[in-house]
Amino acid sequence: MAQAKFQTHHGMVDILPGESEKWQYLERIIRETAAEFHFSEIRTPVLEPTELIARGIGQLTDIVSKEMFSFSRGETNYVLRPECTAPVARAYVQHHLDQRGGAQKLFYIGPMFRAERPQKGRQRQFHQFGAELIGTDSPIADVEIIRFMMRIYEKIGLTKTTLMINSVGDPESRAAYKTALQDYFRPQLSELSEISQQRFETNPMRILDSKEDEDQKFIEDAPLITDFLNEACAQHYAEVKQYLGDSGIIFVENPRLVRGLDYYTKTAFELISSDVGSQDALGGGGRYDLLIEEVGGKPTPAVGFASGIERLMIACEALGIPLGEEPALDVYVVTRGEAAQRWAMDAITQIRKLGKSATMDFSGKSIKAQFKDADRQNSRFAIVAGDDELKSGSFNFRDMSDSTETPKTLAEILDILR
RNA sequence: GAGCCCAUAGCUCAGUCGGUUAGAGCGCCAGGUUGUGGCCCUGGAGGCCGUGGGUUCAAUUCCCAUUGGGCUCCCCA
């Protein structure tokens, strides 16, 4: 097809009528569930200080090193947020949310931006919902976050998923593990893929994430983080698994699960679907006990998750799970003549005041065309107004589903609709 | 950053082994029913065959470039 003069940027999509209803439906479920769990919504700006994202997520991550949309005006550096945990942490510190007392339960829904090559399940502007529970290191909080996430998928009907969990330890455990990993990989360093060789120094844990063929045979026998957890981390991990089990949540332990953001400590988890193509992570999260301090707050433990809405939709589509419906119209007023149009303008106003939806023809189309329009808009009723009806005050009130038509005054119609 | 595929009507797609006016289904508009939708019938609008260049008497078709799109690797939601 001919290319339009102006189009969306690469990897950015319009959500059109027919699609937007699905978004509203999903957002409604997310908000409902948040209310049940008593998470409060937080809305942060789409633009954040570059430094916040770089520090929060980690300079060496893919997101920060190559996927940020950023620009400067004068001395100020802006980024379109690539995720929302660091911004929420920033808001928590900036507005002293700890002073509200107790642990804070926050959720968000909104667009995120990463400058990657788009493909199925990956866009440059995409949408996430997520939650953060800030101010407690209890493993119950970890489980609360996971239960919140899982409950949303459950309500939507997307149960064909796998929850993977792991513990990535705290700095002490990780230092011990890092040394062990380097000791393990050092003898075969030259045989590793180029990218893994780079990661050997900077972040050897990410080698485990590698999908390069030449790395696989080494990764298989590499030491596991779970064997290097100190007492506190091991205990925490055991309790998380215990409480998950108590909650009836089925999970798979994956000792090689490493998340791509630097701020995670202890618990890490990921929800996988085999129905979204090669980008199979529906959502993920974990504990980040060091982040709040990293962005300038007091040391504050926290745990959270983020899920991709587009991927959720792809999975639902693949599994035939319905997401919301086209909204029906209550009343379409069919008119003939200018006087009738004026009457209709008033009639639809009165119908709308009842909380019912109503519309009319604006362009003087034929009666037939107007009925066709009413049908297309899935209208439940039609009112026919012409000169005769205006004179008598009696209008044909048509039930579009069975084509029955009875004469009614407007007052009677309003009564029926009420 | 790398690889593969694709581009003809609003949508899904035929088609031209290079040859006068480029097709279908669906959708849209109108008529059949001078005031009645969904089914049916008839008609109509709508394409410089993504853009630029090359080869040729002739290009939507072949070649090159470019733009846009899709998928994959990497990584992530």
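## Starting with one buried residue

A residue counts as buried when its relative accessible area is under 20%. Keep that cut-off in mind as we look around this structure, which is a predicted model. Ala315 has a relative accessibility of 0%, so it counts as buried. You can find Ala315 in helix α11, which covers residues 309-319.

What is Ala315 in contact with, once its neighbours within four places in sequence are left aside? The partners are Leu158, Ser273, Asp275, Val276 and Leu282. For a sense of scale, try locating Lys356 as well: Ala315 and Lys356 are 41 residues apart in sequence, and their C-alpha atoms are 34 Å apart in space.

## Two helices that cross

Helix α11 also packs with helix α1 (residues 20-37), at an angle of about 105 degrees and with 12 Å between the axes. An angle of 65 to 115 degrees counts as roughly perpendicular, and therefore α1 is roughly perpendicular to α11. On the α1 side, the contact is made by Lys22, Trp23 and Leu26. On the α11 side, Ile309, Glu310, Leu312, Met313 and Glu317 take part. Sorted by type, the residues of this contact are 5 nonpolar, 3 charged and no polar.

## The nonpolar cores

In soluble globular proteins, nonpolar side chains tend to be buried together. In this model, the largest nonpolar core has 94 residues. Phe39, Phe129, Phe148, Ile156, Leu163 and Phe185 are the residues with the most contacts inside that core. Helix α5 (residues 139-156) supplies the largest share of the core, 10 residues.

Let us zoom in on Ile156. Not counting neighbours within four places in sequence, Ile156 is in contact with Leu26, Ile29, Leu312, Cys316, Ile321 and Leu323. There is also a second, separate core of 19 residues, and Ile351, Phe395, Phe397 and Leu417 are among them.

## A sheet of eight strands

Next, follow an open sheet of 8 strands in the order β1-β5-β6-β11-β10-β9-β7-β8, with mixed pairing. Which strands stand at the edges? They are β1 (40-41) and β8 (252-253); each has a single partner strand, so one side of each is left without a neighbour in the sheet. At the β8 end, strand β7 (residues 162-167) pairs with β8 in the parallel sense over 2 bridges, and Ile165 stands opposite Glu253 of β8.

Helices lie across this sheet too. Helix α1 lies across β1, β5 (104-113) and β6 (125-134), running at about 160 degrees to β5. Helix α9 (residues 231-246) lies across β7, β8, β9 (265-272) and β10 (281-287), and runs at about 160 degrees to β7.

## A sheet of five strands

Another open sheet has 5 strands, in the order β13-β12-β14-β15-β16, again with mixed pairing. Here β13 (358-360) and β16 are the edge strands, and each has a single partner, so one side of each lacks a neighbour in the sheet. From one strand to the next, the twist averages 25 degrees.

Strand β12 (residues 329-335) pairs with β13 in the parallel sense over 3 bridges, with Tyr332 opposite Thr359 of β13. Helix α12 (residues 338-353) packs on the sheet and touches β12, β13, β14 (379-385) and β15. The direction of α12 makes about 165 degrees with that of β13. Helix α15 (residues 410-417) packs on the sheet as well, touching β12, β14, β15 and β16.

At the other edge, strands β15 (residues 395-399) and β16 (residues 404-408) pair in the antiparallel sense over 5 bridges. The bridge partner of Asp399 is Thr404 in β16. This hairpin has 4 residues between its strands, and Ser403 takes a positive phi near 60 degrees.

## A mostly covered helix

Is helix α2 (residues 50-57) mostly covered or mostly exposed? Mostly covered: 6 of its 8 residues are buried, namely Thr50, Leu52, Ile53, Ala54, Gly56 and Ile57. These buried residues pack against β2 (47-49), α3 (62-66), β3 (70-73), β4 (76-80), α4 (85-94) and α10 (291-294). Just after α2, Gly58 takes a positive phi of about 115 degrees.

One of those partners, helix α4, contains Val93. Val93 and Lys298 are 205 residues apart in sequence, while their C-alpha atoms are 8.2 Å apart in space. Leaving out residues up to four places away in sequence, Val93 touches Ile292, Val295, Gly296 and Gly297.

Conventions. Residues are numbered from 1 along each chain as its sequence is written. Chains are lettered from A and ligands numbered from 1 in the order in which they are written. This is a predicted model: local features need pLDDT of at least 70, side-chain atom pairs count only at pLDDT 80 or more; totals for chains, interfaces and linings use all residues. Side-chain values use heavy atoms; hydrogens and water are left out. Buried means under 20% relative accessible area, exposed over 50%, partly exposed in between (1.4 Å probe, protein chains only). Contact means heavy atoms within 4.5 Å. A nonpolar core is a set of buried Ala, Val, Leu, Ile, Met, Phe, Trp, Tyr and Cys residues joined through side-chain atoms within 4.5 Å. Axes are lines fitted to C-alpha atoms, for helices over the stretch in contact, and angles run from 0 to 180 degrees between N-to-C directions. Angles under 35 degrees count as roughly parallel, over 145 as roughly antiparallel, 65 to 115 as roughly perpendicular and the rest as oblique. Ala, Val, Leu, Ile, Met, Phe, Trp, Tyr, Cys and Pro count as nonpolar, Asp, Glu, Lys and Arg as charged, and the others, Gly among them, as polar. Two strands pair if DSSP finds at least two bridges between them.
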